[in-house]
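Please open the structure in your viewer and keep the sequence beside it. The tour below suggests what to select at each stop and says what is found there.

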Amino acid sequence: MSALDGAERLRMPAQLPRPSGGIDSDTPFGASTNWVASPGWCVDHLLRNAGIHTCPPPRTGALLYASLHGGAAANVGYLKSLSGDWSQWTKTNAPWECAVQGSSAGTTKAEYAPLVRAVNRNHTDGFWYEVWIDNTGVTSGDRSIDLSLSWVPANLTPVYTTLRADFAAGTVTFFNGTNATPASNSSTTWTVAALTQQSGRWHFGMWLTFSSTGVPTVEGTVQYPNGSGLILLPGTIGSAVPAGAMGNVILRIGGMRVEALQVSQLAAKPATRDEIMQNGRWKKAATLDAPDTPLRVVPVISGSAWEAITSIARATLSTAEFDGDGIFRWRSRSRWSTAPSAENLTVTSERELASLTITEEIDACRNHCSVKWANWSKVKANKSWTKAAANVFQIPAGGSFSIAWSIGDDELDTPPPFTYTDALPDCIRFVNANTDTAAMVYGAVEVGTRRENGTLVLSMRNRSASAVWLRGATSGAASVVLLTPSIDSGAAPADNWSAAWNTTSQQAYGVQAFEHDPGGWVQDSASATSLATALRTAGAYPYPLLGNVEILPDPRLQLGDVVRVVDTTGAALNTLAWVIGIRTAGEGTAVRQTLTLRATAYNGVPVDAGLTPDPPVDPAVTV
């Protein structure tokens, strides 16, 4: 009989988004905007791809999804830029797992491109905005959130449709207009008194549809912390939106904790509370420590998802495991920061311990620890690289077409192009006939991009009832030009080092150096210093290892647990130790469990009592 653990669910090829938003010219450099992602965010993304969830997952038809679990990057779609303070991440009072706490000034902001630029004509689908918020303890400052979709017509002047929830005012407002400042546009407002009265986990959903002439109609729902909810009745807002496609998604956060943002294109509005909240469609099967290491650029990965997770764990001194209940647990280096004072479990020996193998080696001593980190402060994304095609292709009504280009590790994620009359960078042309004088077609073809098996795939789907042509302005001219953000071959982050050391240990054991290269997973000095300090704390003194400790079998034991080992007779042992190895074997009805343990405290600095150490070189020898 073979038994497989949860890691077998993670054997698919590893793939992570590589957004350019962190090094975009619109993103200021600094500690507040370092948080494009984090090692924990990357692990969470890999788990989600395998169906292992920590919060409500992307819906079928998701155009944008951002978990906000330790990074502003989109899991579905593309992060273009961020501004304001993105450095506050918390698990305390997060709606589900982890959340960003926005600035009380209301200036925490991110701009995204959708995975597919959906159109606002030629279909009966709707667009579902949703977000989870927790307002516990937030009683002052800006307590609102804006979620805006822009729609780009023929003249490239965006029209913004915006959902705003304002906890201070007790209102939900929908805006529609060409001004990037929502309050300057036409609006309708619903009063939601509970926003000023209840605290806890909220869900906001807004359903947007367009008539055949572009008139927007919205209706929404608010799900309260106490389990009740409110339906926001339908209404039409402002002028008709011209025919076009979705531009960008803009998120602005006040002082609340926000998680699991998404925008989906659906055939029907989620109707029941279970459909709105996705109850019964997912199960929380993982938990992760609070993020502690920001990433401005997501490193390149390879191998399987499980191999990528284990390499991230080694790089950041974290641990990744599936427990006996099948729950994935990601623990950061904070678990090693202080010696434990209490045990998770008490275990007793199978029989009295007549002898015990204890090792304590100076080779395990590391009292000068250096960590390399990648400094991205001087690197910006090169936005002059393009991928062009002069394809001429007829896309029938309801039909699809795609083009693929090879893509390298130095090329970052490429958002879909905009439909426009000229094939400028970041634009694509669709016309109603295969002639130079054919009219442009807007609001008909959905355009998307994705990475797939080493290629960049541009997909097109004609939602109209008539054929359209992908075609340049003249025969042989470019019909599409993608703007591909990249890192120039001559540009690279500077290699910096941070160190931590223990002089007392160095006096006793000499300088024992250790250099740690995290392979790009540390990108700021504070995180590098924290990691070096954790390595020094763990290695400044040789901690005893206890091998082959046979105990009464206990199925609750997990790697990384702190146990109290008790043997009242043989070895008279009563000590705390980390579990770093578990071996379980069975024969017939008998089960044997043997542990490898690492002590939680060292035996003290050696004292050469009554000894005179020899000098390093024999005084009698002359060279």
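Which residues does W96 touch, not counting residues up to four places away in sequence? Select W96 together with T54, C55, P56, W132, R201, E259, W282 and K284, since these are the residues that W96 touches, where a contact means heavy atoms within 4.5 Å. Before going further, note that this is a predicted model, in which local features need pLDDT of at least 70 and side-chain atom pairs count only at pLDDT 80 or more, while totals for chains, interfaces and linings use all residues. Residues are numbered from 1 along each chain as its sequence is written, and side-chain values use heavy atoms, with hydrogens and water left out.

Stay with W96, which is found in the loop between β3 (89-90) and β4 (99-101); strands here are DSSP runs of E with at least two residues, helices are runs of H or I with at least four, and both are numbered from the N terminus. One of its partners, P56, is 40 residues apart from W96 in sequence, and their C-alpha atoms are 8.3 Å apart in space. W96 counts as partly exposed because its relative accessibility is 22%, given that buried means under 20% relative accessible area, exposed over 50%, and partly exposed in between (1.4 Å probe, protein chains only).

Next, select S304, which lies in the loop between β17 (286-288) and α3 (305-316). Is S304 buried or exposed? S304 is buried, because its relative accessible area is 10%. Add L10, R11, M12, P13 and A14 to the selection, as S304 touches these residues when those up to four places away in sequence are not counted.

For the third stop, colour the 6 strands of an open sheet with mixed pairing, which follow the order β20-β36-β37-β38-β35-β21; two strands pair if DSSP finds at least two bridges between them. At its edges are β20 (345-348) and β21 (357-359), each of which pairs on one side only. Zoom in on β21 and β35 (residues 545-551), which run antiparallel and are joined by 3 bridges, and find T357, which stands opposite G547 in β35.

Finally, zoom out to the protein chain, which has 5 helices and 38 strands and whose C-alpha atoms fill a box of roughly 100 × 65 × 55 Å along the principal axes. Of its 623 residues, 52% count as buried. Among contacts between residues at least 6 apart in sequence, 74% join residues at least 24 apart.
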